[in-house]
Amino acid sequence: MHREQLPAGVSRTIQSRLVLPPDTNHMGTIFGGTVLAYIDEIAAISAMKHSRRAVVTASIDNVNFLSSAKVGDILILEGVVISTGRTSMEVYVKAECQHIESGTRSLTTTSILTMVAVDAEGRPTPVASVVPETENEKRLFDNAQERKERRMIANEYAKELC
């Protein structure tokens, strides 16, 4: 059976957020947990646009905090589906900080999440495959199997800890 194929651009989602004092720590930089919430939200939106279904977060492979945003900065998040399984979607999210005075942007955070499409009863449901469009999407797509294998090993290890 041939699955529908969708270009990655279908799922591309961009959000801008103003970093406000309640979002920050005593140093005036954004809380990592706040950034994680934004990342999870944009990943869900990207996956829902791709699958046209409700989704749940299955895993967050990694989160790389590279630099921070401060009060008054604009945080720009971009999410895109980079690979798919039968019911799952890997979503790449990057966050950039735009410094309001200079207008310059710096990469603050990158992450890869796995989202699963679910039906009305909460059961996993099939999704279309994705066709990468940009060079970065193609590179991430090409490494998807390796990331999946690492996730499977990590899941087994986590079960052993219980």
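**Exercise 1. Classify Arg12 as buried, partly exposed or exposed in this predicted model.**

Solution.
Step 1. Take the relative accessible area of Arg12, which is 25%.
Step 2. Recall the cut-offs: buried means under 20%, exposed means over 50%, and partly exposed lies in between.
Step 3. Arg12 is therefore partly exposed.

**Exercise 2. Find the salt-bridge partner of Arg12 and place both residues in the chain.**

Solution.
Step 1. The partner is Glu137, and the closest N and O atoms are 2.6 Å apart.
Step 2. Glu137 belongs to helix 2 (residues 135-142), while Arg12 sits in the loop between strand 1 (5-7) and strand 2 (13-18).
Step 3. The two residues are 125 residues apart, so this pair links distant parts of the chain.
Step 4. Now check Glu137: its relative accessible area is 4%, so Glu137 is buried.

**Exercise 3. Describe the surroundings of Arg17.**

Solution.
Step 1. Look for a charged partner. Arg17 and Glu41 form a salt bridge, with 2.2 Å from N to O.
Step 2. Locate the pair. Glu41 is in helix 1 (residues 32-51) and Arg17 is in strand 2, so the bridge ties together parts that are 24 residues apart in sequence.
Step 3. Compare with the burial cut-offs. Glu41 has a relative accessible area of 34% and is partly exposed. Arg17 has 24% and is partly exposed too.
Step 4. Look for a ring. The charged end of Arg17 sits over the ring of Tyr38, 4.2 Å from the ring centre.

**Exercise 4. State how many salt bridges the whole structure has, and name further residues that take part.**

Solution.
Step 1. The search of the whole structure gives 13 salt bridges.
Step 2. One of the pairs is Arg105 with Glu96, whose closest N and O atoms are 3.1 Å apart.
Step 3. Glu96 has a relative accessible area of 17%, so Glu96 is buried.
Step 4. A network of salt bridges links Asp61, Glu90, Arg147 and Arg151.

**Exercise 5. Describe the largest nonpolar core and say which element gives the most to it.**

Solution.
Step 1. Count the members: this core has 30 residues.
Step 2. Pick out those with the most contacts inside the core: Ile30, Leu75, Leu77, Met89, Val91, Val93 and Met115.
Step 3. List the elements that give two or more residues: helix 1, strand 4 (74-84), strand 5 (88-98) and strand 6 (105-118).
Step 4. Helix 1 gives the most, with seven residues.

**Exercise 6. Count the aromatic pairs.**

Solution.
Step 1. Ring centres must lie within 6.5 Å to pair.
Step 2. By this rule, the count is zero.

Methods. Residues are numbered from 1 along each chain as its sequence is written. This is a predicted model: local features need pLDDT of at least 70, side-chain atom pairs count only at pLDDT 80 or more; totals for chains, interfaces and linings use all residues. Side-chain values use heavy atoms; hydrogens and water are left out. Rings of Phe, Tyr and Trp (its six-membered ring) pair if their centres lie within 6.5 Å; planes under 30 degrees apart count as stacked, over 60 as edge-to-face and the rest as tilted. A charge sits over a ring if NZ of Lys or CZ of Arg is within 6 Å of the ring centre and within 35 degrees of the ring normal. A salt bridge is a side-chain nitrogen of Lys or Arg within 4 Å of a carboxyl oxygen of Asp or Glu. Helices (H or I, at least four residues) and strands (E, at least two) are DSSP runs, numbered from the N terminus. Buried means under 20% relative accessible area, exposed over 50%, partly exposed in between (1.4 Å probe, protein chains only). A nonpolar core is a set of buried Ala, Val, Leu, Ile, Met, Phe, Trp, Tyr and Cys residues joined through side-chain atoms within 4.5 Å.
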